[in-house]
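Visitor: Hi, I'm new to this one and would like a quick tour. Can you put it up on the screen?
Guide: Sure, here it comes.

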Amino acid sequence: MKYIMTVLIMVITLSLGGWNLAVASDQADREAVYSIDNMTCALCPITVRKAMEKVAGVRDVKVDFKAKTATVLFDPTQATIEAIALASTNAGYPAHISGKK
Ligand SMILES: [Cu+2]
């Protein structure tokens, strides 16, 4: 009986730990705002968005064609601000970090 209780407590502790980790990584998502060069037509933002979305850890990309900016939500344990900028730059649209949150 004592053994069962010990196992039960261990299972509960482990599952709570996993839950806490999941919540923590959710909260750790970061947002970066880039200014994007070379966007000349309405299709360019799609190319930029697709290039940035290919970077592992990128959760969401919103490109504003008029403002020439991209707002990116990403997991900083997987993606870096620089890697996301490089993906856009390599697609032909140099990205410059214009804001961090
Ligand atoms: Cu275009």
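Visitor: Let me start with a single residue: where is the place of glutamate 31?
Guide: Glutamate 31 sits in strand S1. Helices (H or I, at least four residues) and strands (E, at least two) are DSSP runs, numbered from the N terminus. Keep in mind that this is a predicted model, where local features need pLDDT of at least 70 and side-chain atom pairs count only at pLDDT 80 or more, while totals for chains, interfaces and linings use all residues. Residues are numbered from 1 along each chain as its sequence is written.

Visitor: Is glutamate 31 buried or partly exposed?
Guide: Glutamate 31 is partly exposed, because 14 other C-beta atoms lie within 10 Å. The cut-offs are 20 or more other C-beta atoms within 10 Å for buried, 12 or fewer for exposed, and partly exposed in between, with C-beta atoms placed from the backbone.

Visitor: How far is glutamate 31 from valine 58?
Guide: Their C-alpha atoms are separated by 9.9 Å, and the two residues are 27 apart along the chain.

Visitor: OK, zooming out. How many helices and strands does the protein have?
Guide: There are 3 helices and 4 strands. From the N terminus on, they run α-β-α-β-β-α-β. Buried residues make up 21% of the 101 residues.

Visitor: What share of the contacts joins residues at least 24 apart?
Guide: Of the contacts between residues at least 6 apart in sequence, 63% do that. Two residues are in contact if their C-beta atoms, placed from the backbone, lie within 7 Å.

Visitor: Now the strands. Which sense do S1 and S3 pair in?
Guide: Strand S1 (residues 30-36) and S3 pair in the antiparallel sense over 6 bridges. Pairing takes at least two bridges found by DSSP between two strands. Valine 33, for instance, has threonine 71 in S3 as its bridge partner.

Visitor: And what about S2 and S3?
Guide: Strand S2 (residues 58-64) pairs with S3 in the antiparallel sense, over 6 bridges. Valine 58 has phenylalanine 74 as its bridge partner in S3, and aspartate 60 has leucine 73. S2 and S3 form a hairpin with 4 residues between them.

Visitor: Which residues are on the two faces of S3?
Guide: In strand S3 (residues 69-74), Ala70, Val72 and Phe74 make up the covered face, while Thr69, Thr71 and Leu73 make up the uncovered one. In a regular strand the side chains alternate between the two faces of the sheet.

Visitor: Back to that hairpin: what is the phi of lysine 68?
Guide: Phi of lysine 68 is near 60 degrees, a positive value in a residue other than glycine. Most residues other than glycine have a negative phi. Lysine 68 lies in the loop between S2 and S3 and is partly exposed, because 18 other C-beta atoms lie within 10 Å.

Visitor: And what is the phi of asparagine 38?
Guide: Asparagine 38 has a positive phi near 75 degrees. You'll find asparagine 38 in the loop between S1 and H2.

Visitor: Switching to helices, how do H2 and H3 pack?
Guide: Helix H2 (residues 44-53) and H3 pack at about 135 degrees, with their axes 8 Å apart. Axes are lines fitted to C-alpha atoms, for helices over the stretch in contact, and angles run from 0 to 180 degrees between N-to-C directions. That makes H2 oblique to H3. Angles under 35 degrees count as roughly parallel, over 145 as roughly antiparallel, 65 to 115 as roughly perpendicular and the rest as oblique.

Visitor: Which residues meet there?
Guide: Val48, Ala51 and Met52 in H2 meet Ile84, Ala87 and Ser88 in H3.

Visitor: H3 also has alanine 85, right? Is alanine 85 buried or exposed?
Guide: Alanine 85, which is in helix H3, is buried, because 22 other C-beta atoms lie within 10 Å. Leaving aside neighbours within four places in sequence, alanine 85 is in contact with Tyr34, Ala95 and Ile97. The C-alpha atoms of alanine 85 and alanine 95 are 5.0 Å apart, with their positions 10 residues apart in sequence counted as the separation.

Visitor: Last one: where does glycine 92 lie?
Guide: Glycine 92 is in the loop between helix H3 (81-90) and strand S4 (95-100). Glycine 92 is 9.1 Å from threonine 47, C-alpha to C-alpha, and they are 45 residues apart in sequence.
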